[in-house]
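Please work through the following exercises with the structure at hand. Each task is followed by a solution that proceeds step by step.

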Amino acid sequence: MTALKQTCAALLRDKNFIQHTWCDARDGRRMDVIDPASGETIGSVPDSGAADALAAVDAAQAVFPAWAARPAAERARLLKRWHALILSNQEALGSLISLEQGKPLKEGIGEVLYGAAYVDWFAAEATRGYGDIIPEAVPGRKMMVLKEPVGVVAAITPWNFPLAMIARKIAPALAAGCTVIAKPAEDTPLTALALVWLAGQAGFPEGVLNIVTASRERAPEVVDVWLADSRVRKITFTGSTPVGKHLARESAGTLKRLSLELGGNAPFIVFDDADLDAAVDGLMASKFRNGGQTCVCPNRIYVQDGVHDDFVSRLSKQVAALAVGPATHPDSQIGPMINARAVEKIERHVKDAVRLGARVMVGGERVRNAVADGPNYYLPTVLTQATPEMALSCEETFGPVAPVFRFHTEQDVIAQANDTPFGLAAYFYSNDVRRIWRVAQALETGIVGINEGAIAAEAAPFGGVKESGYGREGSRYGLDDYTQTKYLCQGNLG
Ligand code: SIN
């Protein structure tokens, strides 16, 4: 058993959790969970189908009225207990994340703290679901507004943050008084199962939180049941734009609420007047976090003429020094990519860019050596002379590749930055206060990092515009996505 597996052994669960019972898929099917670093099998979980999906809805619907009726302070107390359990298991959870997702252990534990912060935040927000009293328009008539939970929420979560993404969906849902059915990504189900197990230990009542696991092939069967079932009132999804559009189309039949956190194609702009050290540090932090596998990773790096060469040289030095290896290696900064498909996409993007004239400054190929001894490693890469014709300028690469585009004017770079259907995050570095306001307002994204590469926080609204989706996670706005507004009008009081 690997060191990581030993550390998280007590948290390993290998069944679905429905109606507070750990159970196999109704038809007994299972799927393997693979270590992306070695390609070896870590364990297996149920490969669920329609019957399991339906059982989860039945359980969540049955308990919904009682859970919604609980005082908010009680829901908050349970969330706080869950938060405390997550924190006291941070090393084991971090090891589990690193084991099945591949990120270095420091990042794995960092993700636990990041996800836990959302649970803590929404424990507090649970007690602040205020309504309104509207000033009287007619004598003897009172008008009031209540915030009510939307009902059963289906949470469909990605592999890149196996704990944080599910935590920031489940926590606001439970805080608002909704019940939850969840399906984690096929690559990383074990962290989600461990998290749900800890929720059970915290004392959430039977049926409030249910989870089913399924393979890539069978996931549509599970999701189709949830899409068609009118008892499921909301779907919250983080993942690709094509899947988000599918969910939007197919949930129209029952007019479900949707929160969609979809693909990004983040621009990162460095103006001539920027602090170059800060810009390089910001890019390193945001581009190479999780090996470049985040929706808010800079995908296109625009650098103005006057600082282009200096910036590229500083960046190349830092990127060349990044240590690539498995989570178990104490020095690793970049882990393996999640699977073979991910590496193939990165390879395709780099080859296409080079064919169209890009110059490789650092990296540009797969790596396999005594430390990074597995099939899914790709060298951190810097490319220059990137152009809009290249595939990496239109699609998310989702890997450790930093393509640098040279630009001349502010107007020109804003046009290029916005020339994408996506609009999740953007970053820029400048020390000109007038430019800062102009550019921040001109960028068509839900999030803008200004002289800052680390933008995500539980207290901030995370989400996109355009084809990066809608809905916000975290912050005081995050609860709104799980509540509906009810207007009460009481008359004949005068
Ligand atoms: C994502 O990649 O979808 C989320 C990244 C984050 O929360 O910072």
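The exercises below concern a predicted model, and they treat the ligand site, several individual residues and some pairs of positions.

**Exercise 1. The ligand shell**

Determine how many residues surround the ligand, which of them are closest, and how the shell divides by residue class.

Solution.
Step 1. Count the shell: the ligand is surrounded by 13 residues.
Step 2. Identify the closest ones, which are Y114, N160, R168, R289 and C295.
Step 3. Sort the shell by class: seven of its residues are nonpolar, three are polar and three are charged.

**Exercise 2. Polar contacts and enclosure of the ligand**

Find the distances from ligand oxygen atoms to polar side-chain atoms of Y114, N160 and R168, and then state what share of the ligand's exposed area the protein buries.

Solution.
Step 1. Recall the cut-off: a polar contact is a pair of N or O atoms within 3.5 Å.
Step 2. For Y114, an N or O atom of the side chain is 2.6 Å from a ligand oxygen atom.
Step 3. For N160, the corresponding distance between a side-chain N or O atom and an oxygen atom of the ligand is 3.0 Å.
Step 4. For R168, a polar atom of the side chain is found 3.0 Å from a ligand oxygen atom.
Step 5. Turn to the area: the ligand taken alone exposes 260 Å², and the protein buries 100% of that.
Step 6. Consider the space itself: what the ligand occupies is the largest cavity.

**Exercise 3. Buried residues in helices and a strand**

For D52, A167 and I301, name the secondary-structure element and decide whether each residue is buried or exposed.

Solution.
Step 1. Place D52: this residue belongs to helix α2, which covers residues 50–69.
Step 2. Classify D52: its relative accessibility is 1%, so it is buried, the cut-off being under 20%.
Step 3. Examine the side chain of D52: one of its polar atoms lies 2.8 Å from the backbone nitrogen of R26.
Step 4. Place A167 in helix α6, residues 164–176. A167 counts as buried because its relative accessibility is 0%.
Step 5. Place I301 in strand β13, residues 298–304. I301 likewise is buried, because its relative accessibility is 0%.

**Exercise 4. Loop residues and positive phi**

Which phi values do H20 and L255 adopt, and is each residue buried, partly exposed or exposed?

Solution.
Step 1. Establish the expectation: most residues other than glycine have a negative phi.
Step 2. For H20, phi is positive at about 65°, although H20 is not a glycine.
Step 3. Locate H20 in the loop that runs between β1 (16–18) and β2 (21–23). H20 is partly exposed, because its relative accessible area is 31%.
Step 4. For L255, which is not a glycine either, phi is positive and near 45°.
Step 5. Locate L255 in the loop between α9 (241–250) and β11 (257–261). With a relative accessibility of 67%, L255 is exposed, the cut-off being over 50%.

**Exercise 5. Sequence separation and distance in space**

Give the C-alpha to C-alpha distances for the pairs A167 and A117, I301 and A386, N376 and R366, and R476 and Q304.

Solution.
Step 1. A167 and A117 are separated by 50 residues in sequence and by 9.1 Å in space.
Step 2. I301 and A386, 85 residues apart in sequence, lie 9.0 Å apart.
Step 3. N376 and R366 are 10 residues apart in sequence and 7.9 Å apart in space. N376 sits in the loop between β14 (359–362) and β15 (381–384), and with a relative accessible area of 7% N376 is buried.
Step 4. R476 and Q304 are 172 residues apart in sequence and 37 Å apart in space. R476 sits in the loop between β21 (469–470) and β22 (483–490), and at 56% relative accessibility R476 is exposed.

Notes: Residues numbered from 1 in each chain as written. Predicted model: local features only at pLDDT ≥ 70, side-chain atom pairs only at ≥ 80, totals over all residues. Heavy atoms only, no water. Near = heavy atom within 4 Å. Polar contact = N/O pair within 3.5 Å; in protein donor to acceptor, adjacent residues only side chain to side chain. Areas by Shrake-Rupley, 256 points an atom, 1.4 Å probe, with all protein chains shown as cover. 1 Å grid on protein atoms, 1.4 Å probe; cavity = no way out; pocket = protein on both sides within 12 Å on 5 of 7 lines; lining within 4 Å. Sits in = over half its atoms within 2 Å of the grid points. Nonpolar A, V, L, I, M, F, W, Y, C, P; charged D, E, K, R; others polar. Helix = DSSP H or I, 4+ residues; strand = E, 2+ residues; numbered from the N terminus. Buried < 20%, exposed > 50% of the residue type's maximum accessible area, 1.4 Å probe, protein only.
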